[in-house]
Number of protein chains: 2
Amino acid sequence: MEELQYQEGRTEINHIGKEALVNLLTEPFKKRNKTTTSTIGDDAAIIGTGRLRRVVSTQTMVEGIHFDMMYTPLKHLGYKAVAVALSNIAAMNATARQVLVSIAVSNRYSVEALQELYQGIYLCCDRYDVDLIGGETTLCPAGMTITTTAIGEVETEKITYRNGAQTHDLIFVSGDLGSAYSGLLVLEREKVTYMANPNFQPDLASFDYVLERFLKPEPRFDIIKMLADKGVVPTSMIDISTGLAGEALHLCKSSGCGCEIYEDKLPIDYQTTRVCSEMSQNMLPTSCALNGGGDYELLFTIKQSDYDKLKDLSEIHVVGHITAPGSAAVMVTPQNTTIELRAQAFSHAE
Amino acid sequence: MEELQYQEGRTEINHIGKEALVNLLTEPFKKRNKTTTSTIGDDAAIIGTGRLRRVVSTQTMVEGIHFDMMYTPLKHLGYKAVAVALSNIAAMNATARQVLVSIAVSNRYSVEALQELYQGIYLCCDRYDVDLIGGETTLCPAGMTITTTAIGEVETEKITYRNGAQTHDLIFVSGDLGSAYSGLLVLEREKVTYMANPNFQPDLASFDYVLERFLKPEPRFDIIKMLADKGVVPTSMIDISTGLAGEALHLCKSSGCGCEIYEDKLPIDYQTTRVCSEMSQNMLPTSCALNGGGDYELLFTIKQSDYDKLKDLSEIHVVGHITAPGSAAVMVTPQNTTIELRAQAFSHAE
């Protein structure tokens, strides 16, 4: 009987990238069942055999890593725990139907606190017409961990994987980028001020948009519906949880292609720009968009021939195009400089 | 900005039973989608619309609550995390097909430790022919939390809920009861000895059966297959995660009936009896069976007319029968005394 027998020859978890870790751990697993259509390596797995397939994905949020109870209202937290799981369903071009929510909480939380959390879960389920069909609530020694499994459905011909992008396809993103991370920057700044002086009353009203973007993201099922209404099936899609750079790299790697993203095409809200200008460490709005994460917008590619069907929609924006296999994933600046994209997600959105 | 605004009017989580808590939290949620066949309140939810339905359930295991790293080999832990989730699928009379495993771990664990854990996950998936289709690995400030979502499938006419038991139905259990808890008792005893004297080498060989029962439980798909081979669909079923008493009460409450369970019919292994006799606090084998938990055997009811089909099977045992609506759930002792069943699960199996 020895505690922690695995002390020798150890590799620290944070010395290996998340993707490499998942690949290492799941490499031995091979598909066995004919009802498993697609497995690990996309936003969600696809199961079933008929024309209508089920889409399944799971997402974990940990106190002290993904959220800070100092500035996260429980109702928002419950909403977000469901919203981010549903976002993975949207990224497969599917419709969400069910969720299961498992919560491990310490006795620091009361029954009333859990009720607030569940109010948020309820609001998100209500908004996206999703059934809560299961889950678990269990005590844990410290903090809170929430794992949400989301289930959706999609017709086989509409399933959108990460690996379908082709050379010359146009790259779109929905909404705006970097605002969730700016919201986090504001909250972190106010927290520091508050810790120094607890009588301090923060003025958060003028940051309402970016705060809501961070605290209460929305899965973009409105975009999925819009694409269906216009008769467009993207060639590839992914949701932007860790920032545009990382997600564009995922998409390019899966599709075996490169991309060019134009810096001046990035949709950035004026509040994001304002927050960046106020930050002492001189944060660039482009950095927030590329690496901030937490926006849960959709990044997708379409055939050029579909462009006319989408060009008048205000909620989506062309930001670049797919380049040939073997080429790099780059951002082109207004000065026509080319910068290779790198994934450097901040931990809150990992 | 206030930390923990919910300090006032607080009800402690452990002052309200787990069932009452789940009911309180999930009461506002109503079924919305026609693809949701059945929702919270059984071992698993049922989704889909055709003859073949999907069965979904989720299970969370927390370090320091459900497992102790002092005596839990990581490979066993990974195996168990999948096995207990699959057990819920078996309890619906279904076949398991897929799992998603989400793990939040502190940096106390190395990549090598996670690989050991995943070896166990692999072994269980391999044994039960299940695909690992997703999940997440994320850092957390302390300990480890594993949430497994299991998905199975079942023909509509074979779905077995908790609520179908009828007066005079016979009550069966599979395998033996109380052995997992005896295994835990042995491990806890050796831990105490080891803490007092780290040079102490425990002799665990003579407890191999009960230790394996606790550390590496098996979902009883062999019983599901046996029932199918004999052409028997149970009238109700539940898996025994928290002990026979609690599960029999769940089944009776859902079915709106009572039950009589005969103490001398309880299947108890001789190692369980031996462990109980060695314990200083004079543990009764019957208590282990009723309230020990962690056995993951199946408790099910059948129509009396099906008895002949099952009576020669050695892996299942009649332990009692269902009584009329309004009557209590009781155990009858060999002295013909009647004791009302009470749920008092030990925390490891909650």
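In this predicted model, 81 residues of chain A are in contact with 79 residues of chain B. Contact here requires that the C-beta atoms of two residues, placed from the backbone, lie within 7 Å. On the chain A side of this interface, 40 residues are nonpolar, 26 are polar and 15 are charged.

Several secondary-structure elements of chain A supply two or more residues each to the side that touches chain B. The helices in this group are H1 (18-26), H3 (111-127) and H4 (179-196) of chain A. The strands are E2 (45-47), E3 (52-62), E4 (95-105), E5 (131-139) and E6 (144-155) of chain A.

The relation between the two chains can be stated in terms of symmetry. Two copies of a chain are related by a rotation about an axis and a shift along it. For this pair, chain A is superposed on chain B by a rotation of 180° with 0.0 Å of shift along the axis, and the RMSD is 0.0 Å. This operation is therefore the relation of a two-fold axis. The interface residues support a consistent description: 98% of those in chain A are also interface residues in chain B, so the copies meet through the same surface.

Within a single chain, the domain assignment divides chain A into domain 1, residues 5-158, and domain 2, residues 162-349. The centres of domain 1 and domain 2 of chain A, taken over C-alpha atoms, are separated by 21 Å. Contacts between these domains involve 21 residues of domain 1 of chain A and 21 residues of domain 2 of chain A. Helix H2 (residues 74-90) of chain A provides nine residues, the largest share of the domain 1 side that touches domain 2. By class, that side of domain 1 of chain A comprises 11 nonpolar, six polar and four charged residues.

The strand arrangement may be followed in chain B. There, six strands form an open sheet with mixed pairing, in the order E1-E2-E3-E6-E4-E5. Strand E1 (36-38) and strand E5 (131-139) of chain B are the edge strands, each of which pairs on one side only. From one strand to the next, the twist averages 20°.

At the E5 edge of this sheet, strand E4 (residues 95-105) of chain B pairs with E5(B) in the parallel sense, over eight bridges. A residue-level point of reference for this region is Val99(B), which stands opposite Leu132(B) in E5(B).

Definitions and conventions: Residues are numbered from 1 along each chain as its sequence is written. Chains are lettered from A and ligands numbered from 1 in the order in which they are written. This is a predicted model: local features need pLDDT of at least 70, side-chain atom pairs count only at pLDDT 80 or more; totals for chains, interfaces and linings use all residues. Domain bounds come from an automatic or database domain assignment. Helices (H or I, at least four residues) and strands (E, at least two) are DSSP runs, numbered from the N terminus. Ala, Val, Leu, Ile, Met, Phe, Trp, Tyr, Cys and Pro count as nonpolar, Asp, Glu, Lys and Arg as charged, and the others, Gly among them, as polar. Copies are superposed by least squares on the C-alpha atoms of residues with pLDDT of at least 70 in both. Two strands pair if DSSP finds at least two bridges between them. Axes are lines fitted to C-alpha atoms, for helices over the stretch in contact, and angles run from 0 to 180 degrees between N-to-C directions.
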